[in-house]
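User: Please give me a close account of the largest pocket in this structure. Which residues and elements line the largest pocket, and what lies on either side of it?

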Amino acid sequence: MAERSNQEWLADLRSAGPAQEAALADLRAMILASLPRALSVHLSPGDPQFGPLIEEATQETLVRVLDRLDEFQGRSRFTTWVLAIAVNIALSELRRRRWRDVSLEELLDRHEEQGDAEPDWMAENSPNVERLIERDHFSAVLERIIRKELTEKQRTALLAVAVRGMPMEEVARRMGMQRNALYKLLHDARIKLKHRLEEEGIRVDDVLTAFEG
Amino acid sequence: MPFPDHPRRKAKVRHESGQRGTGLSSAGAARILRGLAITFEEEYDCAQVERLMAEYTEMVSRGDDTASLLPLVKYHLQLCLDCREEYEALLRALEITI
């Protein structure tokens, strides 16, 4: 791949003709060489999805890069900025595929039904009964505030993302909003929860020691 | 022997209003509380972190002190699993391109 400065990348990609073609070919080779390692903990190279995903993400990245050249601020190497876009595209697609058969309703209902078969303090090797009872008390307080004072949207998003572990992007898709808007919704929910706990005389840092001690 | 008035048992039933409970376990509560511990009025959202992702990841790969230079990105990555996955993937990619 030809060495280019950030300015040379931008100039070549904005030009028409051979310079742009050469720059796109070099970018394509760079993405194809780097993306497999980026995704290595998410998808094995032996997986039949691997090759097509890398190829599709690379193509989409090149289209998006050309579309967003004006957004590059020069705060990093140009190739790193391109790789960040490629990673975003590839992981978004992987999340979509992995969660496509799971609805929010199923996710929340399934876990509610499973619940906990028994309180923690009944389990073998319970470390400290008093601490576990204290932990359960704080859990109940937190649940009450979540149930009574968060909006339905805030509650659904918080439980799906923070408790059930569904990716934010997938929750956002199901709630008909952008990931960024969901982050703001969750931020408002966390701020409200934190303030309400403080109003009840509960400091989060103190409570955490009951959970993690 | 179970305590008859164990608070978790109360929390798991459907509530008087008929509204569904949250089914919040102590493990789930702990995850929420960890998020609250690093919740601040001012936070970067995903779009702001996306704009800084390449710069931040290069700084980490160089060993720069990101906690001092870009603390809000660092906090966001602790709170947002999607962005954290993307940051970690980009960091792996940079290991072979730098």
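Analyst: The following account takes the largest pocket first and then turns to the second largest. The model is predicted.

The largest pocket has a volume of about 720 Å³. Its lining is made up of 30 residues. Those nearest its centre are R68(A) and N88(A) from one chain, and C46(B), A47(B) and E50(B) from the other. Several elements give two or more residues to this lining: in chain A these are α4 (78-99), α8 (168-175) and α9 (179-199), and in chain B they are α3 (46-62) and α6 (81-97). The element that gives the most is α3(B), with seven residues. By residue class, the lining of the largest pocket holds 12 nonpolar, seven polar and 11 charged residues. As for its position, the largest pocket lies between domain 1 (6-98) and domain 2 (104-210) of chain A, because both domains give residues to its lining.

The second largest pocket may be set beside this description. It holds about 420 Å³ of space and is lined by 19 residues. V161(A), A162(A), R31(B), Q78(B) and L79(B) are the closest to its centre. At least two lining residues come from each of α7 (152-163) and α9 in chain A, and from each of α2 (26-37), α5 (71-79) and α6 in chain B. Here α2(B) supplies the largest share, four residues. The lining of the second largest pocket divides into 11 nonpolar, three polar and five charged residues.

Methods
Residues are numbered from 1 along each chain as its sequence is written. Chains are lettered from A and ligands numbered from 1 in the order in which they are written. This is a predicted model: local features need pLDDT of at least 70, side-chain atom pairs count only at pLDDT 80 or more; totals for chains, interfaces and linings use all residues. Side-chain values use heavy atoms; hydrogens and water are left out. On a 1 Å grid over the protein atoms alone, a cavity is a set of points where a 1.4 Å probe fits but cannot get out, and a pocket is an open set with protein on both sides within 12 Å along at least five of seven lines; lining residues have an atom within 4 Å of a point. Grid points are joined across faces, edges and corners, and a volume is the space filled by probe spheres set on the points. Ala, Val, Leu, Ile, Met, Phe, Trp, Tyr, Cys and Pro count as nonpolar, Asp, Glu, Lys and Arg as charged, and the others, Gly among them, as polar. Domain bounds come from an automatic or database domain assignment.
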